[in-house]
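Trainee: Could you go through this structure with me before I set anything up with it?
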2 protein chains.
Amino acid sequence: MTTDAEQLLRGAGLRVTRPRLAVLDAVHAHPHADTESIIGAVRRGLPDVSHQAVYDSLHTLTAAGLVRRIQPSGSVARYESRVDDNHHHVVCRSCGAIADVDCAVGHAPCLTASDDSGFRIDEAEVIYWGLCPACSTAPTPK
Amino acid sequence: MTTDAEQLLRGAGLRVTRPRLAVLDAVHAHPHADTESIIGAVRRGLPDVSHQAVYDSLHTLTAAGLVRRIQPSGSVARYESRVDDNHHHVVCRSCGAIADVDCAVGHAPCLTASDDSGFRIDEAEVIYWGLCPACSTAPTPK
DNA sequence: CGCCGTTTCTTGAACGAGTCAAGAATTGTC
DNA sequence: GACAATTCTTGACTCGTTCAAGAAACGGCG
């Protein structure tokens with residue numbers, strides 16, 4: 001496992017550091033986790049990492065395209081390791097649960113807007129809002 | 001104009017207050033404005049409104065469906081008055097500019113996920129990421 | 001194998017959008 | 001007009017995230 005992560009980092013031209021390896025593992029192990037959860041997961045194997053190291057690592061990994069950052073309205077930043085496979089997310093309005101959804105309309109056509117206003121579009125991000133199975137049957141979150 | 005806004009509020013079963021009217025006007029006048037801009041716009045006509053009144057009004061109006069809240073990753077909350085017409089947004093990665101885009105695939109089919117994981121989906125939100133015309137020709141944001 | 005320059009991490013303070021809470025003012029109804 | 005309910009004002013406060021300075025780790029080189 002560590003070897004995997006190490007190769008990913010080297011492949012991206014990044015230095016291999018303990019915090020980065022741990023962060024990469026944590027994101028793989030906990031898809032859609034927020035930063036605080038990732039800090040917790042990282043510290044299980046590396047008790048003394050600073051929160052800042054995790055923030056820095058997440059930024060670096062995101063910039064390198066090794067993890068993806070998502071942030072639905074009203075939520076804190078979350079991270080996942082599925083990248084470059086054109087999938088989207090469903091978010092529960094009630095409990096905030098997130099699940100993956102493959103692209104609705106085939107391969108990657110979501111990238112086509114009807115009128116792009118002159119923008120050079122490079123990514124289409126889709127978030128479906130609704131209620132997860134649990135909240136759907138048992139309403140009234142509060 | 002005020003009459004319009006007043007009818008919208010009454011139609012939604014909301015009390016008609018000066019701050020709410022001003023907020024509604026401001027959102028109509030400045031699509032995709034963030035909260036701070038809206039506060040500024042509101043205070044041009046109503047100098048003594050508290051920021052809290054604006055926050056409250058925006059929440060109420062959003063809950064009533066009179067305005068829509070959008071919040072692209074890394075941005076603060078923004079509001080717009082186009083509701084219920086199934087349009088999406090393009091966001092410039094460089095300068096943060098936002099433009100409207102009509103639904104790519106016809107009427108409202110974006111609401112169909114390929115596999116909804118058991119969620120009861122009620123809305124599909126699409127954000128296209130790219131570079132606006134200005135940033136596209138003049139690169140290097142920094 | 002050990003040194004060196006660069007990058008990354010630690011520590012701790014700071015920031016800003018947004019929220020909470022208590023009391024005063026306003027709304028709409030009787 | 002007066003009352004109950006809602007909304008607004010004021011001001012403190014939270015929480016995720018960023019900033020900044022110095023210490024430590026990384027990896028290329030001899």
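Mentor: We can go through the symmetry, the protein interface, the two DNA strands and a small sheet in turn, keeping in mind that this is a predicted model.

Trainee: How do chain A and chain B lie on each other, what RMSD, turn and shift?

Mentor: A turn of 180 degrees with a shift of 0.1 Å along the axis lays chain A on chain B, and the RMSD is then 0.1 Å. The two copies are thus related as by a two-fold rotation axis. In chain A, the C-alpha nearest that axis belongs to V126(A), at 2.2 Å from it.

Trainee: And what percentage of the contact residues of chain A recur in chain B?

Mentor: The figure is 100%, and the same surface serves both copies. In the contact itself, 40 residues of chain A meet 41 residues of chain B.

Trainee: How much area do they bury, and what share is on carbon and sulfur atoms?

Mentor: About 3100 Å² is buried between chain A and chain B, with 50% of it on carbon and sulfur atoms. On the chain A side, the residues that lose the most area to chain B are F119(A), R120(A) and E125(A), which together make up 20% of what that side buries.

Trainee: Switching to the DNA, which residues come nearest to strand C?

Mentor: There are 21 residues around DNA strand C, and those that come nearest are T17(A), R20(A) and S50(A) from one chain, with V16(B) and Q52(B) from the other. Of the atoms of DNA strand C that come within 4 Å of the protein, sugar and phosphate account for 67%.

Trainee: Which atoms of strand C do R15(A) and R20(A) come up against?

Mentor: For R15(A), a polar side-chain atom lies 3.1 Å from a base oxygen of DNA strand C, whereas for R20(A) a polar side-chain atom lies 2.7 Å from a phosphate oxygen of that strand. From chain B, the side chain of Y55(B) has an N or O atom 3.1 Å from a phosphate oxygen of DNA strand C.

Trainee: Which element gives the largest share of that surface?

Mentor: That is α4(B), with four residues. By class, the surface near DNA strand C has seven nonpolar, nine polar and five charged residues.

Trainee: What about strand D, which residues come nearest there?

Mentor: Around DNA strand D there are 21 residues, of which V16(A), Q52(A), T17(B), R20(B) and S50(B) come nearest. Q52(A) has a polar side-chain atom 2.8 Å from a base nitrogen of DNA strand D, while H59(A) has one 3.2 Å from a phosphate oxygen. In the side chain of S50(B), an N or O atom is 2.5 Å from a phosphate oxygen of DNA strand D.

Trainee: And which element gives the most to the surface near strand D?

Mentor: The most comes from α4(A), with four residues, and by class this surface has seven nonpolar, eight polar and six charged residues.

Trainee: Last topic, in what order do the strands of the chain B sheet run?

Mentor: The three strands form an open sheet in the order β1-β3-β2 in chain B, with antiparallel pairing. Its edge strands are β1 (33-34) and β2 (68-70), each of which pairs on one side only. Three bridges join β2(B) to β3 (residues 78-80) in the antiparallel sense, and R68(B) stands opposite E80(B) in β3(B).

How values were computed:
Residues are numbered from 1 along each chain as its sequence is written. Chains are lettered from A and ligands numbered from 1 in the order in which they are written. This is a predicted model: local features need pLDDT of at least 70, side-chain atom pairs count only at pLDDT 80 or more; totals for chains, interfaces and linings use all residues. Side-chain values use heavy atoms; hydrogens and water are left out. Copies are superposed by least squares on the C-alpha atoms of residues with pLDDT of at least 70 in both. Contact means heavy atoms within 4.5 Å. Two strands pair if DSSP finds at least two bridges between them. Helices (H or I, at least four residues) and strands (E, at least two) are DSSP runs, numbered from the N terminus. A residue is near a molecule or strand if one of its heavy atoms lies within 4 Å of it. A polar contact is a pair of N or O atoms within 3.5 Å; within protein, one must be able to donate a hydrogen and the other to accept it, and residues adjacent in sequence count only if both atoms are side-chain atoms. Ala, Val, Leu, Ile, Met, Phe, Trp, Tyr, Cys and Pro count as nonpolar, Asp, Glu, Lys and Arg as charged, and the others, Gly among them, as polar. Buried area is the accessible area (1.4 Å probe) that two parts lose on being put together, summed over both.
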